[in-house]
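Let's take a walk through this structure together. Keep the sequence to hand as well, since we'll hop back and forth between the two.

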Amino acid sequence: VFTFANTAEALLRDVALTRRVAVAFSQPSTNRTLQLKGCDAAVQPAQPADVAQARRYLALFAAEIVPLGWPPDFAQAVLWHEPAGLMAVRFTPEGAFHQTPGPGAGAPLPLQGGRA
């Protein structure tokens, strides 16, 4: 998971202290949402390949919200900061859950190993 140190100082401090993390991912066009949890999280400065990947994710997110009425540069303006401040929170998912609004919200999803 990528975040910027200047906007997530408390989060990064807490993750570094507890090594626990819970992250929700949502697709705006469908509200399809899932949550991953882990207890071996490590905070590290992003590497150049991470910065490139984060930029790709941001471009995909921007393309996702344009049909919803947001201008193409909105995601960049709101979510992107100085790349030197990009941090990576790496963890092994130990729990995954449906979080899409509706009757199945909170139901566990099966995990298949690997690091997030």
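Where is the place of A22? A22 sits in strand β2, which covers residues 21–27. Before going further, a word on ground rules: this is a predicted model, where local features need pLDDT of at least 70 and side-chain atom pairs count only at pLDDT 80 or more, while totals for chains, interfaces and linings use all residues. Numbering starts from 1 along each chain as its sequence is written, and side-chain values use heavy atoms, with hydrogens and water left out.

Back to A22. Take contact as heavy atoms within 4.5 Å. Setting aside neighbours within four places in sequence, A22 is in contact with Q35, L36 and K37. Of these, Q35 is 13 residues away in sequence, and the C-alpha to C-alpha distance from A22 is 6.8 Å.

Now zoom out. The protein has three helices and seven strands, and from the N terminus on the order is β-α-β-β-β-α-α-β-β-β. Those elements are DSSP runs numbered from the N terminus: helices are H or I with at least four residues, strands are E with at least two. The C-alpha trace spans about 35 × 35 × 25 Å along its principal axes. Looking at contacts with a separation of 6 or more, 61% are between residues 24 or more positions apart.

How much of the protein is buried? Buried residues make up 27% of the 116 residues, where buried means under 20% relative accessible area, exposed means over 50%, and partly exposed lies in between (1.4 Å probe, protein chains only). The protein exposes about 7400 Å², and carbon and sulfur atoms supply 60% of that. Those accessible areas come from the Shrake-Rupley method with a 1.4 Å probe, and for residues only the protein chains shown count as cover.

Next stop, strand β3, home of T33. T33 counts as buried, at 13% relative accessibility. Not counting residues up to four places away in sequence, T33 touches F25, S26, F97, H98, Q99 and T100. On the way into β3 (32–38) you pass N31, in the loop that follows β2. N31 has a positive phi of about 65° although it is not a glycine, and at 42% relative accessibility it counts as partly exposed. R19 is another residue to click on: it lies in the loop between α1 (9–18) and β2. R19 also isn't a glycine, yet has a positive phi of about 65°, and its 41% relative accessibility makes it partly exposed.

Let's move over to helix α2, where you'll find V51 and A54. V51 is buried, with a relative accessible area of 15%, and A54 is buried too, at 8% relative accessibility. Beyond the neighbours within four places in sequence, V51 is in contact with A46, W80, P83 and L86. On the same terms, A54 is in contact with F2, W80 and L86. A54 and L86 are 32 residues apart along the chain, with their C-alpha atoms separated by 8.9 Å. For V51 and T100, 49 residues apart along the chain, the C-alpha separation is 29 Å.

Now for the charges. Side chains of opposite charge can pair when their charged atoms come close. With a salt bridge taken as a side-chain nitrogen of Lys or Arg within 4 Å of a carboxyl oxygen of Asp or Glu, the count comes to one. Which side chains meet in this salt bridge? They belong to R90 and D50, at 2.6 Å, N to O. R90 lies in strand β5 (residues 86–90) and D50 in helix α2 (residues 48–65), so the pair ties together parts that are 40 residues apart in sequence. R90 counts as partly exposed, at 26% relative accessibility, whereas D50 is buried, at 10%.

Last, turn to the surface around helix α3 (residues 74–79), where V78 has its place. V78 is partly exposed, with a relative accessible area of 43%. Together with F61 and L79, V78 forms a nonpolar patch on the surface with about 230 Å² of accessible area. Patches are made of residues with over 30% relative accessible area and no salt bridge; like charges are joined within 9 Å, and nonpolar side chains (Val, Leu, Ile, Met, Phe, Trp, Tyr) within 5 Å.
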